[in-house]
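Me: I am new to this structure and would like a close look at a single part of it. Please take the open sheet and what lies across it, and keep the account plain.

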Amino acid sequence: MEKNKYPSNQSLIDFRKKHFMHTAALYHKTPLQLVKAQGEYVWDSEGNRYLDAIGGIVCISAGHNHPKIKKALMQYLESDMIQHTSTLYLTEVAVEATKALLEEAPAGLDRVSFTNSGSEANELAIMAARNATGETMVVNLRHSYHGGTSGTLASCGHSTWRFKAQPVTGTTSALEPNCYRCPFGKKPESCSLECAKNVETTIQTSTHGKIAAFIAEPVMGVGGFITPPEQYFHEVVKIVHNYGGIYISDEVQTGAGRCGGNFLLTKTLGFAADMVTMAKGFGNGAAIGAVLMKSEVAEKMAGKSYFNTFGGDPYQTLQAKLTMDIIREENLVKNAKDMGALLKDGILELAKKHMLIGDVRGRGLLMGIELVKDRTSKVHATAEAAAFMDACKEHGLLLGKGGLMGNVIRLAPPLSINREQVGSMLKIMDQAFAEIA
Ligand SMILES: Cc1ncc(COP(=O)(O)O)c(C=O)c1O
């Protein structure tokens with residue numbers, strides 16, 4: 001790769017400091033300029049190669065620059081196929097993407113609306129739920145993240161993301177289903193799903209007794225891959241329906257086969273969600289989100305207009321359709337399950353010698369490692385998590401982090417990752433843990 005083809009990192013940093021909003025953060029003490037990508041790897045402007053174990057930001061499902069997507073997009077543009085038009089006109093590709101999605105949908109969810117992002121998908125889901133029920137209150141979970149728009153931030157369980165003086169109306173939070181830091185002080189052996197029951201208490205004590213919706217991620221991504229027990233969802237669905245609410249399952253991070261089992265984790269867990277929202281890996285990095293909902297909810301919107309300029313755009317829906325095809329053809333959901341199991345076993349082995357590892361959790365290739373200063377006090381090892389990420393980067397491995405205290409390492413590599421690459425991730429992490437100890 002030509003080294004001097006790119007501007008210096010410092011010039012980009014200086015420009016960002018002056019002209020980007022101060023809300024734009026950068027990963028790493030010495031930030032990277034990523035310029036090239038292929039499959040499971042990305043390259044920086046100095047020509048260094050990294051295994052991309054965070055996949056953009058949990059967006060790369062089929063692999064970077066997948067040859068099938070690249071070829072199809074090139075052919076599409078070369079033949080002057082229409083690149084942008086709105087849903088005010090008919091296009092075949094939006095229908096084809098919808099058909100592919102419906103094949104993966106949990107039973108009963110038979111309506112699709114495309115958006116540009118996960119935030120918009122959740123906005124639409126919440127509006128549709130309020131419209132269908134005639135109720136306002138939305139129950140969310142502490143530590144949740146559903147997007148960066150005003151409505152979704154009102155359902156965000158992190159002070160980090162909320163804005164001062166931002167109106168937070170029509171929402172309330174239930175306690176998080178976090179088995180490692182149980183808000184009820186329980187251990188898995190003594191648990192009676194107090195967290196699920198808390199959804200009912202929250203409805204009884206902070207609403208007028210009826211709700212529009214409950215929204216939750218089946219694995220809480222930004223919150224640090226908090227992984228509720230399977231039974232939690234079944235209990236909560238019953239409660240939500242008892243109080244007249246619509247269950248919105250936010251699969252922006254967990255969807256697109258990442259968690260193994262099915263394309264959607266909601267289907268694998270088998271609980272009766274009324275809506276599923278998705279984005280990120282659904283388009284393998286394209287700017288597309290989607291809401292899946294039941295006809296009975298969608299029909300209540302008849303007579304209302306909802307318009308989204310780019311939602312359903314042929315260029316974006318084409319990428320989602322191709323991504324879904326690749327996930328199926330290459331058996332990537334099964335690979336996510338198998339490689340996820342291998343990765344988890346490997347991290348549990350590392351936990352035997354690296355005392356910083358407090359908890360290992362997640363599903364499939366959505367894997368979190370919570371770092372703690374010691375395993376008894378569970379004090380958050382925030383600085384250590386940042387140092388660990390930097391050390392991994394030096395050895396050619398990119399990871400993410402999350403959790404309210406920034407002490408959870410997040411792994412979400414492309415679903416196409418193989419055994420050798422999992423082995424290499426584990427080797428680098430082992431070395432990085434030793435270096436920062
Ligand atoms: C679970 C979840 N929902 C919604 C969103 C918002 O998606 P977007 O950033 O595409 O608007 C995110 C983004 O990180 C997310 O993790």
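Reply: This is a predicted model. A good place to start is helix 12, which covers residues 332–353 and lies across strand 11, strand 12 (366–371) and strand 15. Relative to strand 11, helix 12 runs at about 175 degrees.

Those three strands belong to an open sheet of 4 strands, whose order is 11-12-15-14 and whose pairing is antiparallel. In general, the strands of a sheet pair through backbone hydrogen bonds, and the pairing may be parallel or antiparallel. At the edges of this sheet stand strand 11 (357–363) and strand 14 (400–402). Each of these two has a single partner strand, so one side of each is left without a neighbour in the sheet. From one strand to the next, the twist averages 25 degrees.

The pairing at the strand 14 edge can be followed down to residues. Strand 14 is joined by 3 bridges to strand 15, which spans residues 408–411, and the two run antiparallel. Within this pair, Lys 401 stands opposite Ile 409 of strand 15.

A second helix also lies across the sheet. Helix 13, made of residues 382–394, lies across strand 12, strand 14 and strand 15. The angle at which helix 13 runs to strand 12 is about 125 degrees. Strand 12 and strand 15 therefore appear in the list for helix 13 as well as in the list for helix 12, while the edge strands are divided: strand 11 is listed for helix 12 and strand 14 for helix 13.

Notes
Residues numbered from 1 in each chain as written. Predicted model: local features only at pLDDT ≥ 70, side-chain atom pairs only at ≥ 80, totals over all residues. Pairing = 2+ DSSP bridges. Axes fitted to C-alpha atoms, helices over the stretch in contact; angles between N-to-C directions. Contact = placed C-beta atoms within 7 Å.
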